[in-house]
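Let's take a walk through this one together, starting with the ligand and working over to a helix and the strands it packs on. Have the viewer open as you read.

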Amino acid sequence: MTKKVAVIGAGIAGLTIAFKLKQAGWRVSLYEASPRVGGAIRTEKKQGFLAELGPNTVLETSPKVAELIDAAGLTGEKIYANDSGQKRFIVRENKPVALPGSPIAFILTPLFGLLTKLKLIREPFIPAWDNRYEESLADFVLRRLGQEFLDYAINPFVAGVYAGDPGQLSVKHGFAKLYALEQEYGSLIKGQIKGAKKRKKSAEQSKQSARMISFKGGLGTLPEILASRLGTDLETNTKVTALSREKDKWIVQVRCDDGAEKTEHADHVIYAGPVYHLEELTLNSANVQGFSELAEIHHPPVTTLTLGFKREQVDHPLDGFGMLVPEVEQLNILGALFTSTLFPDRAPEGHVTITVFLGGVRQPDLTKLADSELIKTVMADLSSLLGIKGSPVFHLMKRWLKAIPQYNVGYGKYKAILSGLEKQHPGLHFTGNYCSGISVADTIKHASELAEALIDQAE
Ligand SMILES: Cc1cc2nc3c(=O)[nH]c(=O)nc-3n(C[C@H](O)[C@H](O)[C@H](O)COP(=O)(O)OP(=O)(O)OC[C@H]3O[C@@H](n4cnc5c(N)ncnc54)[C@H](O)[C@@H]3O)c2cc1C
């Protein structure tokens, strides 16, 4: 008999798995608590500008991303970031300095001193970590590459990806590929070279070589199309409140916004909501342990602010992906993307857009500033870094109170809780950005692989 699955949460994880299972002939119910789908993915169009309030780009690190886009019929809508987006800036002494893109450029760059450059040459000869304790990313980088590399490469990179702190993030859990390179090849440089063959075989791409994509109508196109493919199998404004098990079926209790309650039976239940919302879900089971511990996973606040300017207001050519700010530079912003450079038609003719990130683990309190104060604070940084004159002609802000899960040292405990819950409750599964990487691509990959495993199991 065809299997019935209830999926909780229509972020990219829930939409991916619900869509794939429906394609395989399963009966699917996808419940979304809020009025809109996409979760963290959110595109808005206003006054001729297109702003992403959450992620701006997806890196095609896994073939699962292209497979999903293709299956959804969206390949024709996909756009690749402009080639000038390859260039990235790091702020040093209050100036954006281009990250070197070749070995020669690395030798010549003013971003790092001679000692750091020599440390990179020495890196292949440093022995691999013996795992006597779990290292933070900062410990790992200090051991292999030194303080300056940590301050001016890794710290800003981590601010851009996790809005996190390399001193707290676990290299093993938060940067699993980096960790594996050292464990497998003894060195990051050797691993980059030798690992290329292995990645080619698996069709995986490294973050450095993967292409950056969006859609003509913005990233929100992907959740919208997946939702339309699900049709009436998706219900918005509908929160799953409780789960219980009767014989070999799950009983899923849901509450609609109008207060109506209903229950549904399913063979499988997939939780694809944020991990900190699990606490609000009642699991009627003798074995329920760990929901409150999972809620401890830190999600710092992040505010995104897309600003529009007339081209002539900005001195900087904005000829790159954007700029990241190292903590030691003591500025307010974590970084800024040059969004109208990356993708065409994000700003009206003669205008540009810059999307700024603020807060994170570094400065959570900045996200609490009132709108006008926050814009003033951001503009103080942008004016001196990019030579911007006058006020923005457009702005759109989004405050994410709990933005991104931090895979900090000790994260293995949470992974063990999740797999313990799955073992004790046959048919209950977890997917989402807290399982196997925070990026949209990692989230799509995890949800796709879970769908494939369930389909295989049912055959
Ligand atoms: C500001 C910001 C910038 C980012 N930038 C990038 C980037 O540039 N590139 C990139 O790859 N990644 C980026 N990310 C990360 C990425 O966007 C997210 O990790 C990913 O989209 C999370 O998807 P998800 O499906 O796991 O969860 P979510 O998107 O959080 O979706 C979960 C959904 O579950 C719903 N829900 C919760 N509880 C229930 C319930 N009980 N019943 C029904 N529904 C429920 C929620 O309403 C929500 O819609 C960014 C994230 C943020 C916040």
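**From the ligand shell to a helix and its strands**

Sort the residues around the ligand by class and you get 21 nonpolar, 15 polar and two charged ones. Keep in mind that this is a predicted model. Of the 38 residues in that shell, the ones that come nearest are Gly9, Gly11, Gly39, Pro55 and Gly273. Helix H1 (12–23), strand S11 (238–246), strand S16 and helix H15 (440–458) are the elements that give two or more residues to the shell. On the domain level, domain 1 (4–38 + 219–297 + 408–458) and domain 3 (300–400) each supply at least three residues.

Now swing over to helix H13, residues 371–386. H13 has 16 residues and reaches 22 Å from its first C-alpha to its last, close to the 22 Å expected at 1.5 Å a residue. Which residues of H13 are buried? They are Leu374, Val378, Asp381, Leu382, Leu385 and Leu386. To read that pattern, recall that an α-helix has 3.6 residues a turn, so residues three or four places apart point the same way. The buried residues of H13 pack against a set of strands: S7 (88–92), S8 (95–98), S16 (302–310), S17 (322–324), S18 (333–337) and S19. S16, then, turns up both here and in the ligand shell. Just past the helix comes Gly387, with a positive phi near 65°.

For a closer look at the strand side, pick Leu358, which sits in S19 (residues 351–359). Is Leu358 buried or exposed? Leu358 counts as buried because 27 C-beta neighbours lie inside 10 Å, and the cut-off for buried is 20 or more. Setting aside neighbours within four places in sequence, its contacts are Thr303, Leu305, Asn332, Ile333, Leu334, Leu366, Thr367 and Val378. Val378 is one of the buried residues of H13. Another of them is Leu374, and the C-alpha atoms of Leu358 and Leu374 are 9.1 Å apart, with their positions 16 residues apart in sequence.

Asn332, on that contact list, is worth a stop too. You'll find Asn332 in the loop between S17 and S18. Asn332 counts as buried because it has 20 C-beta neighbours inside 10 Å. Beyond four places in sequence, Asn332 is in contact with Leu358, Leu366, Thr377, Val378, Ala380 and Asp381. Val378 therefore appears in the contacts of Leu358 and in those of Asn332. Finally, Asn332 and Leu382 are 50 residues apart along the chain, with 9.8 Å separating their C-alpha atoms.

How values were computed:
Residues are numbered from 1 along each chain as its sequence is written. This is a predicted model: local features need pLDDT of at least 70, side-chain atom pairs count only at pLDDT 80 or more; totals for chains, interfaces and linings use all residues. Helices (H or I, at least four residues) and strands (E, at least two) are DSSP runs, numbered from the N terminus. A residue is buried if 20 or more other C-beta atoms lie within 10 Å of its own, exposed if 12 or fewer, and partly exposed in between; C-beta atoms are placed from the backbone. Two residues are in contact if their C-beta atoms, placed from the backbone, lie within 7 Å. The expected span of a helix is 1.5 Å times one less than its number of residues. A residue is near a molecule or strand if its C-beta atom, placed from the backbone, lies within 6 Å of it. Ala, Val, Leu, Ile, Met, Phe, Trp, Tyr, Cys and Pro count as nonpolar, Asp, Glu, Lys and Arg as charged, and the others, Gly among them, as polar. Domain bounds come from an automatic or database domain assignment.
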